[in-house]
Amino acid sequence: MSEEHDLPKAVVNRIIKQTLPDTIHVSKDAKLAIQTAARVYIHYLTATSNEYAQEAGRSTVSPTDVQLALSDIELEHFEEEMMQALAAYKTDRKQRVKKTRPKSDKAKTKKKTSETNGDAEEEEEEGEEEEEE
């Protein structure tokens, strides 16, 4: 695969550094191997998750699709950690939105949510994800 599909070296290096004790050093070749393995893992998990979404007639991959893919590629032991990370992300995102959203937007959201029984909240969350990217 080309360099455009590589994970950012700085991110990979930070993860390695945070994971290992300070007394452990990792060679450049080992960092490259970890970066490559992580990229392959992400591509494989994404493709498998997408297959589950397509089988369900959807064009959007959901966390459930990722869970099924993890099980399918025999990495189900990561499911619980993934779901905990997802829950923590959602909680953090909601807290940040509450702090940064003007009062007028909050009133619109409450009205919109009550009118559609929760569907608007899901749509709004999707829109927020797009804004963050």
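Which residue forms a salt bridge with Asp-92? In this predicted model, the partner turns out to be Arg-96, and the closest N and O atoms of the pair sit 2.7 Å apart. Both residues belong to helix H4, which runs over residues 79-100. They are four residues apart there, so about one helical turn separates them. Neither end of this bridge is hidden away: Asp-92 is partly exposed, at 34% relative accessible area, and Arg-96 is partly exposed too, at 42%.

A search of the whole structure turns up two salt bridges. Besides the pair in H4, there is one that links Arg-58 with Asp-65, with 2.8 Å between the closest N and O atoms. Here the two ends sit in contrasting surroundings. Arg-58 is partly exposed, with a relative accessible area of 32%, whereas Asp-65 comes out at just 1% and counts as buried. With the cut-off for buried set at under 20%, the label for Asp-65 follows directly from its 1%. As for the background to such pairs, side chains of opposite charge can pair when their charged atoms come close.

Moving on to helix H2, which covers residues 28-55, one residue to pick out is Thr-48. Its relative accessible area is 4%, so Thr-48 is buried. What does Thr-48 touch, leaving aside residues up to four places away in sequence? The answer is Ala-69, Asp-72 and Ile-73. Of interest here is that helix H3 spans 63-72, and the contacts of Thr-48 include Asp-72.

Helix H2 also holds Ile-42, and this residue presents another picture. Ile-42 is partly exposed, its relative accessible area being 38%. Together with Tyr-41 and Phe-78, Ile-42 makes a nonpolar surface patch of about 240 Å². For a residue to be counted in a patch, its relative accessible area has to be over 30%, and Ile-42, at 38%, meets that mark.

That leaves the backbone at Glu-74. This residue lies in the loop between helix H3 and H4. Its phi is near 60 degrees, which is a positive value in a residue other than glycine. Is Glu-74 buried or exposed? At 63% relative accessibility, Glu-74 counts as exposed, since the cut-off for that label is over 50%.

Definitions and conventions
Residues numbered from 1 in each chain as written. Predicted model: local features only at pLDDT ≥ 70, side-chain atom pairs only at ≥ 80, totals over all residues. Heavy atoms only, no water. Salt bridge = Lys/Arg side-chain N within 4 Å of Asp/Glu carboxyl O. Buried < 20%, exposed > 50% of the residue type's maximum accessible area, 1.4 Å probe, protein only. Helix = DSSP H or I, 4+ residues; strand = E, 2+ residues; numbered from the N terminus. Contact = heavy atoms within 4.5 Å. Patch = residues over 30% accessible without salt bridge, like charges linked within 9 Å, V, L, I, M, F, W, Y side chains within 5 Å. Areas by Shrake-Rupley, 256 points an atom, 1.4 Å probe, with all protein chains shown as cover.
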